[in-house]
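Me: I would like a close look at a single part of this model. Please take one residue and work outward from there.

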Amino acid sequence: MKIGELSQKSGISQRMIRYYEEQRLLVPQRTESNYRNFSQDDVCRLGRIQILQDAGLTLKIIHSLLPCIDGETIHFDDCPLVLKVLNSEKEKIKRRVEILEESLEILGKYIEEAGFSSIANDSVYDHIKNDHIPTNLKYQSKGF
């Protein structure tokens, strides 16, 4: 498939797909007229790249990880350093989650101190998501 079809199928811009190719994360075959010809394996690989990037991994780390997870199986026997990197990244993600949980707790306390204890006891995220923030706490333009 051509780059436009891959972009449409994956929801990833053609520009980003070209960037992944520049970074050697994707290596599509080329037709005789030098058009990119992406395979179903490239579609799967692109999905993996997105998942790993969404998890917070850098493209450099993803590049080192992809040879270990190409195809249907994961084989870390040939990639011992990758496991060390993945464990390090996992710890970084855990720390970010801890920071977010602390921030959520602080926000709940602010809301409770402002006199909205019924909201503070519920999930702040649910109230934001469902637009149940009291009107005096919603953003109001002050001219800046």
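Reply: What follows starts at Glu 89 and moves to the helix pair around it.

This is a predicted model, with residues numbered from 1 along each chain as its sequence is written. Local features need pLDDT of at least 70, side-chain atom pairs count only at pLDDT 80 or more, totals for chains, interfaces and linings use all residues, and side-chain values use heavy atoms, leaving out hydrogens and water.

Glu 89 is found in helix 5 (residues 80-113). Helices here are DSSP runs of H or I, at least four residues, numbered from the N terminus. Glu 89 counts as buried because its relative accessibility is 7% (buried: under 20% relative accessible area, 1.4 Å probe, protein chains only). Beyond its neighbours within four places in sequence, Glu 89 is in contact with Gly 56, Leu 57 and Ile 61 (contact: heavy atoms within 4.5 Å).

Now the helix pair. The axes of helix 4 (residues 59-69) and helix 5 come within 10 Å and cross at roughly 130°. Axes are lines fitted to C-alpha atoms over the stretch in contact, with angles from 0 to 180 degrees between N-to-C directions. The two helices are therefore oblique to each other (not under 35 degrees, not over 145, not 65 to 115). Helix 4 contributes Ile 61, Ser 64, Leu 65 and Cys 68 to the contact; helix 5 contributes Val 82, Val 85, Leu 86 and Glu 89. These residues divide into six nonpolar, one polar and one charged (nonpolar: Ala, Val, Leu, Ile, Met, Phe, Trp, Tyr, Cys and Pro; charged: Asp, Glu, Lys and Arg; polar: the others, Gly among them).

Next to Ile 61 in sequence, Ile 62 touches Leu 25, Ile 49, Leu 52, Gln 53 and Leu 57, not counting residues up to four places away.

Note on methods
Buried means under 20% relative accessible area, exposed over 50%, partly exposed in between (1.4 Å probe, protein chains only).
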